[in-house]
Amino acid sequence: MSEDSLRAWYRDSIEEHPEELHQTDPPEFLTQEEVFVKTGVTYWREEKYNDEERLKELKEEGGYKSSDFLEIRGEVGTENMERMSYKEHLHEDSEIRMVTAGSIFFEVRSCDGRWIRLHLREGDLINLPPGIYHRGALDKGDYCKLYRLFLDISEWKAFYPPEADTLPVRIQYQKEMGFLAS
Ligand SMILES: [Fe+2]
């Protein structure tokens, strides 16, 4: 773990042009701790993000079965962007991503229903808990390479609202976060 340098803010409500910052006026920034309390998302900086040995270590330490790299590039609004799931979704496993080149926006739904935007750059690593609604978009740099860690890639699937609202993993997440009475 190193310094708290997560760049996070509440997103405005304009859906077009996800490559823009989408800050409110005035901006409502959040600290790493506030993001954790509102979403359960953990974050840290990894200095050796391009060191193969360190990547192997991260995988072993966490007990992850699979890992890969995902490269996303191309003009915003093109086919590439669509492959990137700007569509809100959730998974039954944690989504763990580290930026190894470029930068990207991740958006996570907070306990109050608002989108929190995380602007991730090289060396930023996030862990999204199972059951959290999220989506991602490239910024104006139009390029990002992500290192992905999976507990079980064979089960890796996206579920979309409103159908996903009633999945056990969604209910469990909401209970753990205190959105629902347990
Ligand atoms: Fe996802």
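## Reading a predicted chain, feature by feature

Student: Which residues does C144 touch, leaving aside residues up to four places away in sequence?

Tutor: In this predicted model, the contacts of C144 are I72, V99, G102, S103, I104 and L138. C144 itself belongs to strand β9, residues 143-150.

Student: Is C144 buried or exposed?

Tutor: The idea is to count neighbours: a residue is buried if 20 or more other C-beta atoms lie within 10 Å of its own. C144 has 25 C-beta neighbours inside 10 Å, so it counts as buried. For a contrast in space, take D112: its C-alpha is 29 Å from that of C144, with the two positions 32 residues apart in sequence numbering.

Student: How many residues of helix α2 are buried?

Tutor: Zero of the 11 residues in α2 (residues 52-62) are buried, so the helix lies largely in the open. Just after α2 comes G63, with a positive phi near 70 degrees.

Student: What should I keep in mind when I look at phi and at peptide bonds?

Tutor: Most residues other than glycine have a negative phi, and most peptide bonds are trans. Here, H17 has a positive phi, near 50 degrees, though it is not a glycine. H17 sits in the loop between β1 and β2 and is exposed, with 12 other C-beta atoms within 10 Å. D142, also not a glycine, has a positive phi near 60 degrees. D142 is in the loop between β8 (134-138) and β9, and it is partly exposed, with 17 other C-beta atoms within 10 Å.

Student: Where are the cis peptide bonds that involve P26 and P162?

Tutor: One joins D25 and P26, with omega about 0 degrees; P26 is in the loop between β1 (7-10) and β2 (29-30). Another runs from P161 to P162, with omega near 5 degrees, and P162 is in the loop between β9 and α4 (168-176).

Student: What is the secondary structure of the protein chain?

Tutor: The chain has four helices and nine strands, in the order β-β-α-β-α-β-α-β-β-β-β-β-α. Its radius of gyration is 16 Å, close to the 16 Å given by the globule rule for 182 residues, so the chain is as compact as a globular protein of that length. The C-alpha trace spans about 45 × 35 × 35 Å along its principal axes.

Student: What share of contacts joins residues at least 24 apart in sequence?

Tutor: Of the contacts between residues at least 6 apart, 76% join residues at least 24 apart. As for burial, 26% of the 182 residues are buried.

Conventions: Residues numbered from 1 in each chain as written. Predicted model: local features only at pLDDT ≥ 70, side-chain atom pairs only at ≥ 80, totals over all residues. Helix = DSSP H or I, 4+ residues; strand = E, 2+ residues; numbered from the N terminus. Contact = placed C-beta atoms within 7 Å. Rg over C-alpha atoms; globule rule 2.2 N^0.38 Å.
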